[in-house]
Amino acid sequence: MRTQCDPSCFVADHLKKVPPSGIRRFFDIVCEADDVISLGVGEPDYITPWHIRESCIHSIEQGETSYTSNYGLLELREQISELFSKKYNVEYNPESEVLVTTGVSEALDLAIRAIVNPGDEVIVVQPSYVAYVPSVIFAGGVPVTISTKMSNNFKITPEELKNVINENTKAVVLNYPNNPTGATMDKADLEAIADVVVDNDLMVISDEVYDCLTYEGEHTCFSSLEGMRNRTILLNGFSKSYAMTGFRIAYALGDSEIISSMMLIHQYTMLCAPIVAQLGAMEALRNGNDELDKMIREYDRRRNLIVDGLNRIGLECFEPKGAFYAFPSIQSTGMTSSEFAENLLDDQKVVTIPGDVFGEAGQGFLRCSYATSKDEIQEALERIETFVNKT
Amino acid sequence: MDKHTWHILEILEENARATPENIASQTGLPVAEVNDIISKLEKDKIIRKYKTIIDWEQAGEDYVYAIIELKVVLERKQGYQTIAERLYKFPEVRSVRLISGDHDISITVRGRSMKEVAFFVAEKIATLEQVHSTSTHFVLKTYKEDGFIFDEPEKIKRLPVSP
């Protein structure tokens with residue numbers, strides 16, 4: 001009889017530092033409930049526009065089912081390069097400075113692994129997307145968080161950044177427009193951050209996947225700031241702008257030294273992004289602007305609807321200027337974010353995400369996605385009002 | 001066109017029964033301003049009519065539709081406008097369009113039966129002086145009308161919670 005083993009002994013030590021996603025825990029509760037309205041979804045409620053789906057179907061019929069270059073199809077990289085040149089006036093060589101990835105999640109992982117040595121510190125601005133901190137830990141780095149505040153419109157300030165920089169600091173992860181707050185940073189705000197970045201010789205990983213979903217003012221691409229192109233790994237993708245979440249298609253832009261290092265990992269771990277998704281992305285960039293503009297206008301209307309509704313109910317809501325999330329404060333109720341979200345789900349069958357899932361800075365807030373129909377938003381607001389009035 | 005007007009037109013195009021209060025919530029404008037903008041859009045004939053799309057088949061009222069393409073002969077001093085006017089005054093005629101290609105004008109006719117539509121075309125349309133020939137296509141099923149799909153809309157399949 002051979003000795004039985006405990007498989008958990010084989011799990012790598014550094015993974016034990018990563019807690020399970022708070023969203024995952026909520027997912028399990030939601031799946032057991034009926035008649036639920038979900039404001040908990042971080043993806044568009046649009047099906048991928050038909051012209052994109054149709055072009056993917058056609059590409060499969062034509063036998064476009066092979067691997068592509070590790071970097072991605074050159075034609076797609078040329079389209080991406082042209083987009084950034086025209087839109088943000090920042091140039092990337094499609095041959096060597098554009099890497100097509102399997103979602104922004106992969107691009108983020110590659111970016112961090114490409115620059116982080118064991119013990120390097122990476123600054124993560126919170127509240128923010130749940131993957132940043134774990135990605136730093138997976139790479140052997142040390143995440144250092146900065147908590148932004150509603151009183152400052154959830155923007156990071158140069159002082160807050162300076163306060164956490166030391167000799168081990170390697171990079172800072174920015175995400176504007178921000179998930180979960182909907183905050184944006186205008187050009188002047190970002191210029192001040194860029195100064196600190198240069199003074200301290202840091203890299204910036206700028207996740208701008210919500211750049212198209214900016215409703216007030218113009219989005220500033222971080223790498224378009226003077227002197228920032230070679231200090232920035234820019235991440236963007238097609239999931240949010242073109243409702244292509246399930247296609248898993250995105251890209252990273254940066255100096256060729258950085259991009260080739262990311263490609264080194266990508267070629268051995270992913271090889272290439274799926275060709276059908278790449279061809280769909282090409283169609284999106286060629287003919288997707290009308291649908292995109294229409295989606296943006298609709299999200300803008302929903303944004304007004306939900307922010308107006310939440311404020312009316314008495315849940316003070318910062319005005320989000322981008323993405324598709326409202327981030328109301330529930331501090332007036334005396335509950336924690338988790339208590340509020342769990343009780344709301346239990347009592348009124350409305351799903352929201354507790355703000356502290358996105359970092360301690362989100363405690364006292366809820367993330368309410370308005371990537372859902374206006375009828376559902378109205379109904380959810382009525383139910384939230386009933387719940388708040390009871391408490 | 002300014003951003004608010006654009007929003008109001010899109011909201012009403014999607015749902016003509018959207019209330020001024022609801023439109024105000026979606027645009028961030030005061031209700032009074034929404035009312036003013038709508039009144040101006042009506043006065044300027046940008047909003048032409050508030051209409052309801054009805055599935056008459058579902059209501060148990062069977063109508064027969066036909067698309068009739070016409071070749072017309074233009075007379076001196078009489079352009080397409082004159083023949084178009086003669087055509088659109090018939091209540092049976094639901095739409096009149098000047099088109100390019102083999103024919104000049106396309107009309108849609110509604111009647112209670114194929115016979116009724118056929119007789120209408122033979123007696124009222126084909127006999128018009130300017131009408132040189134007609135080509136009638138009966139509609140067997142309408143799948144989409146004015147951007148509205150009559151089948152059940154596609155349901156998006158999403159996880160109820162995602163980051």
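In the predicted model, helix α1 (residues 3-14) of chain B packs against helix α3 (residues 31-43) of the same chain at an angle of about 75°, the two axes lying 11 Å apart. Because angles of 65 to 115 degrees count as roughly perpendicular, α1(B) and α3(B) are described as roughly perpendicular to each other. On the α1(B) side, the contact is formed by Thr5(B), Ile8(B), Leu9(B) and Leu12(B), and these face Ile37(B), Ile38(B) and Leu41(B) of α3(B). The composition of this contact comprises 6 nonpolar residues and 1 polar residue, with no charged residues.

Helix α1(B) also takes part in a contact with chain A. There, helix α10 (residues 289-313) of chain A packs with α1(B) at an angle of about 90°, with 11 Å between the axes. The angle makes α10(A) roughly perpendicular to α1(B). Residues contributed by α10(A) are Lys294(A), Arg297(A), Glu298(A), Asp300(A) and Arg301(A), while α1(B) provides Lys3(B), Trp6(B), His7(B), Glu10(B), Ile11(B) and Glu14(B). By class, this contact contains 8 charged residues, 2 nonpolar residues and 1 polar residue. Thus α1(B) presents Thr5(B), Ile8(B), Leu9(B) and Leu12(B) to α3(B), whereas Lys3(B), Trp6(B), His7(B), Glu10(B), Ile11(B) and Glu14(B) are presented to α10(A).

The interface as a whole was then examined. The contact between the chains draws 34 residues from chain A and 20 residues from chain B. About 2200 Å² of area is buried between chain A and chain B, and carbon and sulfur atoms account for 51% of this area. Between the two chains, 5 salt bridges are counted. One salt bridge joins Arg53(A) to Glu154(B), with a separation of 2.9 Å between the closest N and O atoms. In addition, 18 residue pairs are in polar contact between chain A and chain B, both residues of each pair being at pLDDT 80 or more.

On the side of chain A that touches chain B, at least two residues are supplied by each of α1 (22-31), α10 and α12 (374-390) of chain A. The largest share, 8 residues, comes from α10(A). This side of chain A consists, by class, of 16 nonpolar, 7 polar and 11 charged residues.

Definitions and conventions
Residues numbered from 1 in each chain as written. Chains lettered and ligands numbered in written order. Predicted model: local features only at pLDDT ≥ 70, side-chain atom pairs only at ≥ 80, totals over all residues. Heavy atoms only, no water. Axes fitted to C-alpha atoms, helices over the stretch in contact; angles between N-to-C directions. Helix = DSSP H or I, 4+ residues; strand = E, 2+ residues; numbered from the N terminus. Parallel < 35°, antiparallel > 145°, perpendicular 65-115°, else oblique. Contact = heavy atoms within 4.5 Å. Nonpolar A, V, L, I, M, F, W, Y, C, P; charged D, E, K, R; others polar. Buried area = accessible area lost by both parts, 1.4 Å probe. Salt bridge = Lys/Arg side-chain N within 4 Å of Asp/Glu carboxyl O. Polar contact = N/O pair within 3.5 Å; in protein donor to acceptor, adjacent residues only side chain to side chain.
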